[in-house]
Amino acid sequence: ILKLWSVPPLDGSADASAVAPRLVLKMAGHTGPIVSTLGHDDGLLSTSFDGCLRHWDWTGKALGEFDAHAGHACGLARAAHTGLVYTGGDDGHVLQWDLRVGKVGCGTLDMSSRRIDGPVWSLDVRENMLVSGATDGSLNIWDVRRFEAGPHMTLRDAHDDAIAGLVIVDSGRTIVTSSFDSTVKLWNAPEVQPVGDQHNAFADNLRATLAAPHLSRCTRVACNDSQRIVVGSLLGCHGKPLLVMDF
């Protein structure tokens with residue numbers, strides 16, 4: 001079940017500790033655990049272990065259901081400038097969707113040299129750059145203008161375990177990744193180069209590694225341009241499921 005909550009403002013205008021979050025809506029439809037959610041002007045998007053992508057309006061009405069992936073549907077991103085939606089799944093595919101017509105593109109990861117089948121757990125997109133993170137710790141950069149050609153750049157060992165979260169911030173200049181290896185990494189985003197001028201030195205773009213407490217197993221990450229990172233922790237840190245870091 002997808003739930004929509006009303007929460008108190010966090011800008012200091014009210015005592016957030018004195019006002020409990022209020023449940024606004026429940027949206028039923030998925031038949032498995034929900035992995036990712038994303039809000040936009042026209043509604044909500046969600047992916048699930050049932051392999052589906054669902055689209056809802058802000059009243060809770062179902063606008064569309066798409067059989068997205070064989071296995072779990074995990075990663076989810078939406079390009080603000082085109083409205084196209086991207087999903088990643090256990091099948092190693094990154095799919096491109098126009099919600100008015102359904103699937104419009106399929107980008108496949110090269111599994112031949114992977115230690116495991118590289119399910120795509122995390123995605124983000126900014127302008128022409130799409131970034132995907134996989135469970136084998138690899139990070140891939142895509143040019144959405146040539147999406148079906150596959151990843152434009154690949155870093156096989158960006159992390160030592162699954163990349164569970166990533167976000168593009170700083171006006172597209174910085175990529176933040178979080179991993180089950182209990183680290184958060186900051187990368188200088190590479191420029192998307194013309195075809196034939198690909199650069200494979202993405203490892204040199206690593207700017208910083210932030211170590212979370214041992215065995216915290218970082219999950220989703222959120223960040224804004226004010227240089228504050230909020231990271232989910234699978235096992236918790238000192239009893240708290242969220243970690244807050246500055247960079």
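Student: Is aspartate 143 buried or exposed?
Tutor: This is a predicted model, and the value is computed from it. The relative accessible area of aspartate 143 is 3%. Buried means under 20%, so aspartate 143 is buried.

Student: Which residue forms a salt bridge with aspartate 143?
Tutor: Look at the charged side chains around aspartate 143. Asp143 belongs to a salt-bridge network together with Arg145 and Arg146. For one pair, the closest N and O atoms are 3.0 Å apart, and the partner there is arginine 145.

Student: How many salt bridges are there in the whole structure?
Tutor: Side chains of opposite charge can pair when their charged atoms come close. Arginine 173 and aspartate 170 are one such pair, at 3.1 Å from N to O. Searching the whole structure gives a total of five.

Student: Glutamate 65 and arginine 54 meet in a salt bridge; how many residues apart are they?
Tutor: The N to O distance for glutamate 65 and arginine 54 is 3.0 Å. Glutamate 65 sits in strand E6 (residues 62–67) and arginine 54 in strand E5 (residues 52–56), so the pair links distant parts of the chain. Their separation is 11 residues.

Student: And which of those two counts as buried?
Tutor: The cut-off for buried is under 20% relative accessible area. Glutamate 65 comes out at 45%, so it's partly exposed. The other residue has 10% relative accessibility, so the buried one is arginine 54.

Student: What is the relative accessible area of arginine 173?
Tutor: Its salt-bridge partner is aspartate 170, which counts as partly exposed at 27%. Exposed means over 50%. Arginine 173 is exposed, with a value of 51%.

Student: How many disulfides does the count come to?
Tutor: The rule asks for two cysteine sulfur atoms within 2.5 Å. Cysteine 74 is buried at 4% relative accessibility, whereas cysteine 106 is partly exposed at 27%. By the sulfur distance rule, the disulfide count is zero.

Student: Which strand gives the most to the largest nonpolar core?
Tutor: That core has 13 residues, and Met129, Val131 and Leu139 are among those touching the most other members. Strands E12 (129–134), E13 (139–143), E14 (153–155) and E15 (163–169) each give it two or more residues. The top contribution is three residues, and it comes from E15.

Student: How many residues of E12 are buried?
Tutor: Met129, Val131 and Gly133 point one way from the strand, while Leu130, Ser132 and Ala134 point the other way. Both sets are buried. Val131 has contacts beyond its sequence neighbours, including Leu139, Ile141, Leu166 and Ile175. For E12, the buried count is six of six.

Student: Which residue in the turn between E12 and E13 has a positive phi?
Tutor: E12 and E13 pair in the antiparallel sense over five bridges, with serine 132 partnered by asparagine 140. The two strands form a hairpin with four residues between them. In that turn, phi is about 85 degrees at glycine 137.

Student: Which strands are the edges of the open sheet E15-E16-E17-E18?
Tutor: Strands of a sheet pair through backbone hydrogen bonds, either parallel or antiparallel. Here the pairing is antiparallel, and E15 joins strand E16 (residues 174–179) over six bridges. An edge strand pairs on one side only, and the two that do so are E15 and E18.

Terms used. Residues are numbered from 1 along each chain as its sequence is written. This is a predicted model: local features need pLDDT of at least 70, side-chain atom pairs count only at pLDDT 80 or more; totals for chains, interfaces and linings use all residues. Side-chain values use heavy atoms; hydrogens and water are left out. Buried means under 20% relative accessible area, exposed over 50%, partly exposed in between (1.4 Å probe, protein chains only). A salt bridge is a side-chain nitrogen of Lys or Arg within 4 Å of a carboxyl oxygen of Asp or Glu. A nonpolar core is a set of buried Ala, Val, Leu, Ile, Met, Phe, Trp, Tyr and Cys residues joined through side-chain atoms within 4.5 Å. Contact means heavy atoms within 4.5 Å. Two strands pair if DSSP finds at least two bridges between them. Lists of a residue's contacts leave out its neighbours within four places in sequence.
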